[in-house]
Amino acid sequence: MLERDIDIFRTVMTSGSATKAARLLGLSQPAVSLALRRLEKHAGLDLFQRAGGKLRPNQEAHALLAEVQRHYVGMDLIEHRIRTLSQFGAGRVRIASFPGLGIGFMPRVLADLGPQRERSLVSLQVMGSQDVRDCVLRGEAEFGLVADDVSVGGLEHALFAHYFGVVALPAGHPLAAQDVVTPRQLARYPFVSLNPGDTVSVRLDAICRAHGVQLRTAIESTYTISLCELVRSGIGIAIVNPVTACDYLGTGLVFRPFSERLDFTALTVWPPDQPASPFARALPAAMRMRLEADMARLAAQMPARGVTLHQFQKIAASFPHPAA
């Protein structure tokens, strides 16, 4: 009886009145009022002020509603999961990726996998690498992509790729006339950078110190996609990973090779001792093929003769599939 009374209480609170709640629940208004009285007696609290035939929830009612809503969110998730299992069986594939690969690259991979993807319900979640790691550890994703600045302890993992940073410039920028951009040339212009603690930022700082230059940092940000947007806004120039650069081809940005090898590294992670779905096992090969196609597309827009995939990509690794 208490569970039903709580359900009636929630409906009253969310609908705004006992009359509306009665109509939504298919009950009489006296039945709704009786349920609220029972709940108050059980709780030992007055939840409503009653005046002129109207209910006015007090502070205790709002506090109780917050707790009730948390419970119902959990129940809604369970009901949603039951519906998706009914529709797709166990064919739901949950992928988590850091933004560098999750925003543009993985959607292209999923498009490449059209027929296989259509037989599964795919959930693609984009989040920071640490959150991806935690998500896979909790069993909330069966396949993850992370940068190399997080611990992968407790997870199965493999190298996906090392790729080398490219210089992002607004169209018409003086450095766009260069075939290759050097650290000394970078230092002449305002620069937008990844946060100082980022491993790529640390590597870039070491490269610049070795060349005896210091970059004129205008803004720091967390993700390379933010750097591209800052470049598009005319705030500065940047070095970004070439996968993100592919997301911005034809958008008013141009990209040039950096004279030094600034590594960006991506790893795949998956839960140990957990069988992977056929779709998850097909992902690695599709990702390698898409990476090579993207790098070829980026190389084709470079002005320098002889620019090849290998100037942007050291390894599109033949890494092991998640367990069958």
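Which element supplies the largest share of the lining of the largest pocket? In this predicted model, that share comes from helix 10, which contributes three residues. Helix 10 spans residues 199–210, and it is joined by helix 5 (99–102) and strand 12 (263–270) as elements that each supply at least two residues of the lining. The space enclosed by the largest pocket amounts to about 350 Å³. Its lining comprises 23 residues, and those nearest the centre are Phe98, Ala147, Asp149, Asp198 and Thr222. Sorted by class, the lining of the largest pocket contains 11 polar residues, eight nonpolar residues and four charged residues.

The second largest pocket has a volume of about 290 Å³. It is lined by 13 residues, and Ala51, Gly53, Lys54, Leu55 and Arg56 are the closest to its centre. Two helices and two strands give two or more residues each to this lining, namely helix 2 (18–25), helix 3 (29–43), strand 1 (48–51) and strand 2 (54–57). Six of the lining residues of the second largest pocket are polar, four are charged and three are nonpolar.

Enclosed space was examined next. Rolling a probe the size of a water molecule over the atoms shows where empty space is left. Two cavities of 30 Å³ or more are present in the structure, and the largest cavity holds about 50 Å³ of space. The residues lining the largest cavity are Phe191, Val192, Ser193, Leu194, Val200, Ser201, Leu204, Leu227, Ile239 and Leu262. Strand 8 (190–194) and helix 10 are the elements that give two or more residues to this lining. The largest share, four residues, is that of strand 8. In class terms, the lining of the largest cavity consists of eight nonpolar and two polar residues, with no charged residues. Helix 10 thus recurs in the description, as a contributor to the lining of the largest pocket and to that of the largest cavity.

Helix packing was described for two pairs. Two packed helices are described by the angle between their axes and the distance between the axes. Helix 1 (residues 2–15) packs against helix 3 at an angle of about 115 degrees, and the axes lie 9 Å apart. The two helices, helix 1 and helix 3, are therefore roughly perpendicular to each other. The crossing of helix 1 past helix 3 is left-handed. On the side of helix 1, the contact is made by Leu2, Asp5, Ile6, Ile8, Phe9 and Val12, and on the side of helix 3 by Val32, Ala35, Leu36, Arg38, Leu39 and His42. Nine residues of this contact are nonpolar, two are charged and one is polar. Helix 3 is also among the elements that give two or more residues to the lining of the second largest pocket.

The second pair consists of helix 6 (residues 105–112) and helix 13 (residues 278–300), whose axes come within 9 Å and cross at roughly 115 degrees. Helix 6 and helix 13 are therefore roughly perpendicular to each other. Here the crossing of helix 6 past helix 13 is right-handed. From helix 6, Phe105, Met106, Arg108, Val109, Leu110 and Asp112 take part in the contact, and they meet Phe279, Leu283, Ala286, Met287, Arg290, Leu291, Asp294 and Arg297 of helix 13. The contact of helix 6 with helix 13 comprises nine nonpolar and five charged residues, and no polar residues.

Methods: Residues numbered from 1 in each chain as written. Predicted model: local features only at pLDDT ≥ 70, side-chain atom pairs only at ≥ 80, totals over all residues. Heavy atoms only, no water. 1 Å grid on protein atoms, 1.4 Å probe; cavity = no way out; pocket = protein on both sides within 12 Å on 5 of 7 lines; lining within 4 Å. Points joined across faces, edges and corners; volume = space filled by probe spheres on them. Nonpolar A, V, L, I, M, F, W, Y, C, P; charged D, E, K, R; others polar. Axes fitted to C-alpha atoms, helices over the stretch in contact; angles between N-to-C directions. Parallel < 35°, antiparallel > 145°, perpendicular 65-115°, else oblique. Left-handed = near helix turned anticlockwise from the far one by under 90°. Contact = heavy atoms within 4.5 Å.
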